[in-house]
Amino acid sequence: MKIKRFEFNMFPVNCYVLWDETKEAVVIDPGCFYDEEKQTLKNYIQNNELQLKHVLNTHLHLDHIFGNPFMLQEFGLSPEANKLDEFWLELAPNQSRSFGFHLKDTPVPLGKYINDGDIITFGNTTLEAIHVPGHSPGSLVFYCKDSNVMFAGDVLFQGSIGRADLAGGNFDDLRENICSRLFTLPNNTIVYPGHGNPTTIGIEKMENPFFR
């Protein structure tokens, strides 16, 4: 599996494009807010002749869904995420105003719900959805066992974990679920987070101050 990371700049957030030898692809967390960012993502998909099959959201906080309307408009794909986070779509316009700006596009409804243990397929690749609530009620991690990678959204970061003070968050649940659901995976599993640089499960088990 090939991985391309984009860092978009309204709230610096990582967006990932995944694809394999079949040229089928998925986009995870299209946080593109500015027009040039949207065009960069579109151009990358088109220039590499990728056939986009899914738009996946690890969770539905504002910064991770900026580009969802654009992906629906350009590629005809509605976002997929966990139902427990759906209330954040209604909160998004007010949340943006609290940060001093207005959303350019109204958040689009989810096209499909993703539940714990669901398998998302594209080409010869499969991703397993792992429900890891705590940062948000519906936070998902997308895990590819064959490639030994996970896309953790805002659950787990290099040297940190997601905030738990927003609606539906719970610090104790987050910490417990990381331990029980992610730290049981192989130590060399690469963690691609929603913000910042990649890390590994082994490094975070040993060095993350939230687990000492």
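This is a short tutorial dialogue about reading a predicted model.

Me: Let's start with the middle of the protein. Which residues have the most contacts inside the largest nonpolar core?

Reply: First, the general idea: in soluble globular proteins, nonpolar side chains tend to be buried together. Here the largest nonpolar core has 18 residues, and those with the most contacts inside it are V17, L41, L52 and M71. The elements giving two or more residues to this core are β1 (2-8), β2 (13-19), β3 (24-28), α1 (35-47), β4 and α3 (68-75). Of these, β2 gives the most, with four residues.

Me: Can we zoom in on one of them? What does M71 touch, leaving out residues up to four places away in sequence?

Reply: M71 touches V27, P30, L41, I45, L52, V55, G76 and L77. Notice that L41 and L52 are in that list, and both also belong to the group with the most contacts inside the core. There is a second, separate core too: it has 17 residues, including V141, Y143, L156 and I201.

Me: Next, empty space. How many cavities of 30 Å³ or more are there?

Reply: The general trick is that rolling a probe the size of a water molecule over the atoms shows where empty space is left. In this model the count comes to one cavity of 30 Å³ or more. The largest cavity has a volume of about 90 Å³. Its lining is made up of C32, F33, K38, I65, F66, P69, L103, K104, D105 and P107. Sorted by class, that lining has seven nonpolar, no polar and three charged residues.

Me: And the largest pocket: how much space lies in it, and which residues line it?

Reply: About 240 Å³ of space lies in the largest pocket. Look for F11, H61, L62, D63, Q95, F99, H135, D154, F157, R163, L166 and H195 around it. The lining of the pocket divides into five nonpolar, four polar and three charged residues.

Me: Now some single residues. Where is N57, and is it buried or exposed?

Reply: To find your way, place the residue among the helices and strands, then check its accessibility. N57 sits in the loop between β4 (51-56) and α2 (62-65). It counts as buried because its relative accessibility is 0%, and buried means under 20%.

Me: Which polar contacts does the side chain of N57 make?

Reply: Look for the partners of its polar atoms. The side chain of N57 makes a polar contact of 2.9 Å with the side chain of N68. A polar atom of the N57 side chain also lies 3.1 Å from the backbone oxygen of H64. Both H64 and N68 turn up among the residues that N57 touches, along with others including D29, P79, L140 and F142.

Me: What about S136: where is it, and which side chain does it meet in a polar contact?

Reply: S136 lies in the loop between β8 (125-131) and β9 (140-144). With a relative accessibility of 0%, S136 counts as buried. Its side chain is joined to that of D85 by a polar contact of 2.8 Å. Leaving aside neighbours within four places in sequence, S136 is in contact with H59, H61, D85, W88 and G168.

Me: Let's follow that contact across. Where is D85, and what else does its side chain reach?

Reply: D85 is in the loop between β5 (79-81) and α4 (87-98). D85 is buried as well, with a relative accessible area of 0%. Besides S136, the D85 side chain has a polar atom 2.8 Å from the backbone nitrogen of G138. The residues in contact with D85, beyond neighbours within four places in sequence, are H59, L60, S136, P137, G138 and S139.

Me: One last residue, Q158. Is it buried or partly exposed?

Reply: At 47% relative accessibility, Q158 counts as partly exposed. You'll find Q158 in the loop between β11 (156-157) and β12 (160-161).

Me: Which residues does Q158 touch further along the sequence?

Reply: Sequence separation and distance in space are worth checking side by side. Q158 and T200 are 42 residues apart in sequence and 8.2 Å apart in space, C-alpha to C-alpha. Not counting residues up to four places away in sequence, Q158 touches N197, P198, T199 and E204. With P198 there is a polar contact: the side chain of Q158 reaches the backbone oxygen of P198 at 3.4 Å.

Conventions:
Residues numbered from 1 in each chain as written. Predicted model: local features only at pLDDT ≥ 70, side-chain atom pairs only at ≥ 80, totals over all residues. Heavy atoms only, no water. Buried < 20%, exposed > 50% of the residue type's maximum accessible area, 1.4 Å probe, protein only. Polar contact = N/O pair within 3.5 Å; in protein donor to acceptor, adjacent residues only side chain to side chain. Contact = heavy atoms within 4.5 Å. 1 Å grid on protein atoms, 1.4 Å probe; cavity = no way out; pocket = protein on both sides within 12 Å on 5 of 7 lines; lining within 4 Å. Points joined across faces, edges and corners; volume = space filled by probe spheres on them. Nonpolar A, V, L, I, M, F, W, Y, C, P; charged D, E, K, R; others polar. Core = buried A, V, L, I, M, F, W, Y, C linked by side-chain atoms within 4.5 Å.
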